Amino acid sequence: MSRNGAWDKRTCRGRRRILYPAGIVLLLILAAGIFLALRVRGSVAVHAKKEIMPQEVVYFRQDDERWADERLGDSRYTMKSSGCLVCCITSAVVMGGEGEETPFTINEWFSRQGVYDSEGNILWDNLRKPGRYEVEVFDRADERLLMECLTEGRFPIVRVRVNGVGNFHYVLITGARDGEFYCMDPQKDGERSLAEYGNRIYAARVVRPVKDSASRRVFLRNNQSVNRDTGDTENRTPFGTDAAINAL
């Protein structure tokens with residue numbers, strides 16, 4: 001075989017050694033792109049248009065030892081594993097007027113009222129029925145909706161993905177500034193930027209105490225609440241006093 005023939009073969013083998021890894025890298029990049037596209041499917045990118053910040057934000061963690069092991073209704077799931085939505089609702093209603101409530105008392109009330117299904121998911125119609133809360137379920141969640149809610153003193157609960165591409169999770173939008181929305185995350189301490197979740201949301205709900213006095217009287221007459229210190233049921237007003245309400 002000629003020298004040129006030997007050289008050509010070595011050159012081809014060298015090229016193959018370069019092309020194979022390059023091809024693998026390209027396939028991995030393509031796969032990653034497809035994965036990301038599928039993970040964010042159905043989401044909407046959101047950015048704040050103006051600054052709206054509350055006077056005070058109430059924070060709850062789902063792994064707080066006072067309620068971490070409490071189950072969601074009759075399901076196998078606990079507050080620690082799946083209580084992010086309950087913590088968001090609790091924070092929203094406390095800032096909306098129910099100054100005495102905690103995730104423990106809200107979860108206990110949800111369980112007694114049949115708000116959960118067998119898998120611990122919240123049944124929104126069941127949450128409305130007792131007349132204690134107003135529940136808004138939106139067909140589409142976007143930045144306009146978030147800004148509108150914050151402007152009116154409502155705190156939207158939004159579905160996000162952990163780190164932008166991870167599992168679904170719920171956080172409570174509490175304000176906006178510097179082009180970003182900020183939230184209360186039941187898995188983390190303090191104020192968090194929605195940028196931590198890719199600035200993308202998948203759904204939104206608003207839960208707040210009923211303001212109509214007639215509905216309040218019906219609820220208070222027909223329901224009991226739980227003493228958070230003893231765990232005993234007692235007839236008491238579950239709503240905070242006027243002094244306890246955070247004015248927004």
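Me: What covers the buried residues of α6?
Reply: This is a predicted model. In it, the cover over the buried residues of α6 includes β3, β4, β5, β7 (200–201) and β8 (203–209).

Me: And which residues of α6 are the buried ones?
Reply: Helix α6 spans residues 143–151, and its buried residues are Leu145, Leu146, Met147, Cys149 and Leu150.

Me: What happens just after α6?
Reply: You get glycine 153 there, with a positive phi of about 80°.

Me: OK, that one's a glycine. Which residue other than glycine has a positive phi near 60°?
Reply: Asparagine 163, whose phi is near 60°. Asparagine 163 sits in the loop that links β3 (157–161) to β4 (168–177).

Me: Is asparagine 163 buried or exposed?
Reply: Exposed: the relative accessible area of asparagine 163 is 58%.

Me: Then what about aspartate 178, where is that?
Reply: Aspartate 178 is in the loop between β4 and β5 (180–184). Aspartate 178 also has a positive phi, near 55°, and is a residue other than glycine. Its side of the story on accessibility: aspartate 178 is exposed, at 68% relative accessible area.

Me: Switching topic. How many disulfides does the structure hold?
Reply: Zero.

Me: Why no bond for cysteine 84?
Reply: Because the closest cysteine sulfur, in cysteine 88, is 6.3 Å from the sulfur of cysteine 84, too far for a bond. The cut-off for a disulfide is sulfur atoms within 2.5 Å.

Me: And cysteine 183, which cysteine sulfur is closest to that one?
Reply: Cysteine 88 again, but the sulfur of cysteine 183 is 8.2 Å from it, so that is too far for a bond.

Me: Are those two buried or exposed?
Reply: Cysteine 84 counts as buried at 10% relative accessibility. Cysteine 183 counts as buried too, at 0%.

Me: Now the core. How many residues are in the largest nonpolar one?
Reply: The largest nonpolar core has 53 residues. Helix α3 (residues 84–95) gives the largest share of this core, with nine residues.

Me: Which residues have the most contacts inside it?
Reply: Ile89, Phe110, Leu127, Phe181, Leu194 and Val207.

Me: Take leucine 127. What is it in contact with, leaving aside neighbours within four places in sequence?
Reply: Leucine 127 is in contact with Trp109, Phe110, Val115, Tyr133, Val135 and Val207. Phe110 and Val207 are also on the list of residues with the most contacts inside the core.

Definitions and conventions. Residues are numbered from 1 along each chain as its sequence is written. This is a predicted model: local features need pLDDT of at least 70, side-chain atom pairs count only at pLDDT 80 or more; totals for chains, interfaces and linings use all residues. Side-chain values use heavy atoms; hydrogens and water are left out. Helices (H or I, at least four residues) and strands (E, at least two) are DSSP runs, numbered from the N terminus. Buried means under 20% relative accessible area, exposed over 50%, partly exposed in between (1.4 Å probe, protein chains only). A nonpolar core is a set of buried Ala, Val, Leu, Ile, Met, Phe, Trp, Tyr and Cys residues joined through side-chain atoms within 4.5 Å. Contact means heavy atoms within 4.5 Å.
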